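Work through the exercises below with the sequence and the coordinates open. Each task is followed by a solution in steps.

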Amino acid sequence: MPHSLKKLSGLAFLVSYLMAFSSWAQTAGEERIAITTITPSVNTGQDYSPWLDDNLTNMVQNLWMPANFQYVDVTLKLAKTTTLSRLSLFDYQGIFTDKPATIYAQYGTQRTLLGTFDGALYNVYVDLAVNGTVLADAIVVNKYCNNIPMKIKVFGKASTTTTPTTPTTPTPAAATVTFAALPAKTVGDVPFALNATSTNAVTPITYTSSNASVVSVAVATGGAWQATVVGAGTATITASQVASSNYLAASASQAITVQAALPLQVAPVLSFSALSTKAVGDADFKLLAVSTNALTPITYTSSNPSVVSVAANAGGIWRATVVGAGTATITASQVATSLFLAASAT
């Protein structure tokens, strides 16, 4: 996700520098806890090793490869188990309030939510205070793409025990996935976005199709999911979230119908020969137009029925009857169908 750059005046930069300097001072009664190893749940190619030092000229570099456009848990193993007092996160130049990084304390298999980091400030360390007694042997950063702090410092209460009692396992919360109904599609329609939402904003939503020969689903460039119409029929699209330590698994489904593409209409050629002059009292005569559209019946109309009237007899044959002196125009017509355009001749 592209980061928006924030420009500060010289005075604002000086203030942020002083804030950063003050945040470096260690609070009495706490100690710095070293980070020993860093392990991502998925190897997207991003290098997190700059988190192991405090050098502000050596920051985690942005990675814009497609593999990095997903949520990943990055686990920072601590040198020892501690009772956390705060985290100090270096905010550089990105704002990502739509997909903030979520920070957890991990102790064994238990995770405790500490807060989120959205890059709202600029070039300054931001303290994330830890309230209560929160034990940790690791810090977990659940992040999307490049939405991370550039540096991470961990502080614990001085001389806290490293052999606490076994923590209780929290009860995961139920999540609700909302997935609106999908409109009917026609073969040949363009791909369309899939936009489910969930009360669990941490776990990514993935999609599956029950019938990939009708509608297939995949992650598009940029990390968004989209569906592609493949063939006529029906399919069910399911939006899902896997279970985590904080949320239960959740899903929602919608059916979609895809219609076959309509064939292109052909323009028929309707031929209607010139009619000879008639006299009042002449016998009625047959009307004989022909068309390259042999499927649609040809019908006839008269512009002046008081001179010549037209009608189909019991056998479906159209005939014209001379009624009186004058002129009239006889028109042969065929209506439009799914295969042919309308046509007429006079």
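**Exercise 1. A loop residue with unusual phi**

Task: In which loop is Asn 123 placed, and is Asn 123 buried or exposed?

Solution. The model is a predicted one.
Step 1. Asn 123 sits in the loop that connects β5 and β6.
Step 2. Its phi is near 55 degrees, which is positive although the residue is not glycine. Most residues other than glycine have a negative phi.
Step 3. The relative accessible area of Asn 123 is 19%. The cut-off for buried is under 20%, so Asn 123 counts as buried.

**Exercise 2. A second case**

Task: Find where Cys 145 lies and what its relative accessible area is.

Solution.
Step 1. Cys 145 belongs to the loop between β7 and β8.
Step 2. Phi of Cys 145 is near 55 degrees, again a positive value in a residue other than glycine.
Step 3. With a relative accessible area of 0%, Cys 145 is buried.

**Exercise 3. The hairpin of β4 and β5**

Task: How many bridges join β4 to β5, and which residue of the hairpin takes a positive phi?

Solution.
Step 1. β4 and β5 run antiparallel and are joined by seven bridges.
Step 2. Within this pairing, Gln 106 stands opposite Arg 111 of β5.
Step 3. Two residues lie between the strands of the hairpin, and Gly 108 takes a positive phi near 70 degrees there.

**Exercise 4. The largest nonpolar core**

Task: Which strand supplies the largest share of the largest nonpolar core, and what does Trp 51 contact?

Solution.
Step 1. The core has 32 residues; Trp 51, Leu 76, Leu 84, Leu 87, Leu 114, Ile 139 and Val 154 touch the most other members.
Step 2. At least two residues of this core come from each of β2 (35-40), β3 (71-91), β4 (101-107), β5 (110-117), β6 (124-129), β7 (135-144) and β8 (151-157). The largest share, eight residues, is supplied by β3.
Step 3. Beyond four places in sequence, the contacts of Trp 51 include Ile 35, Ile 38, Val 60, Val 74 and Leu 76. Also among them are Val 141, Ile 148, Pro 149 and Met 150.
Step 4. Another core, of 21 residues, lies apart from the largest nonpolar core; Val 214, Ala 227, Ile 237 and Ile 256 are among its members. In soluble globular proteins, nonpolar side chains tend to be buried together.

**Exercise 5. Two buried alanines**

Task: In which strands are Ala 138 and Ala 105 found, and which residues does Ala 138 touch?

Solution.
Step 1. Ala 138 is in β7, and Ala 105 is in β4.
Step 2. Ala 138 is buried, at 2% relative accessibility; Ala 105 is buried as well, at 1%.
Step 3. Leaving out residues up to four places away in sequence, Ala 138 touches Thr 75, Leu 76, Lys 77, Leu 78, Tyr 104, Ala 105 and Gln 106. On the same basis, Ala 105 touches residues including Leu 84, Arg 111, Leu 114, Val 134 and Ala 138.
Step 4. From C-alpha to C-alpha, Ala 138 and Ile 38 are 9.6 Å apart, with 100 residues of sequence separation. For Ala 105 and Val 134, 29 residues apart along the chain, the C-alpha separation is 7.4 Å.

**Exercise 6. A buried polar side chain**

Task: Where does Ser 88 lie, and which side chain does a polar contact join to that of Ser 88?

Solution.
Step 1. Ser 88 is part of strand β3.
Step 2. Its relative accessibility is 1%, so Ser 88 counts as buried.
Step 3. The side chains of Ser 88 and Asp 127 form a polar contact of 3.2 Å.

**Exercise 7. An open sheet**

Task: What is the strand order of the open sheet that contains β15, and which strands are at its edges?

Solution.
Step 1. The order is β11-β15-β14, with antiparallel pairing.
Step 2. β11 (192-193) and β14 (215-219) each pair on one side only, and are the edge strands.
Step 3. Five bridges join β14 to β15 (residues 225-229). Trp 225 in β15 is the bridge partner of Val 219.

**Exercise 8. Confidence**

Task: Over which residues does pLDDT stay under 50?

Solution.
Step 1. The mean pLDDT of the protein is 89, and 89% of its residues reach 70 or more.
Step 2. Residues 1-25 stay under 50. Where pLDDT is low, the predicted coordinates should not be read in detail.

Definitions and conventions:
Residues numbered from 1 in each chain as written. Predicted model: local features only at pLDDT ≥ 70, side-chain atom pairs only at ≥ 80, totals over all residues. Heavy atoms only, no water. Core = buried A, V, L, I, M, F, W, Y, C linked by side-chain atoms within 4.5 Å. Buried < 20%, exposed > 50% of the residue type's maximum accessible area, 1.4 Å probe, protein only. Helix = DSSP H or I, 4+ residues; strand = E, 2+ residues; numbered from the N terminus. Contact = heavy atoms within 4.5 Å. Pairing = 2+ DSSP bridges. Polar contact = N/O pair within 3.5 Å; in protein donor to acceptor, adjacent residues only side chain to side chain. pLDDT = per-residue confidence, 0-100.
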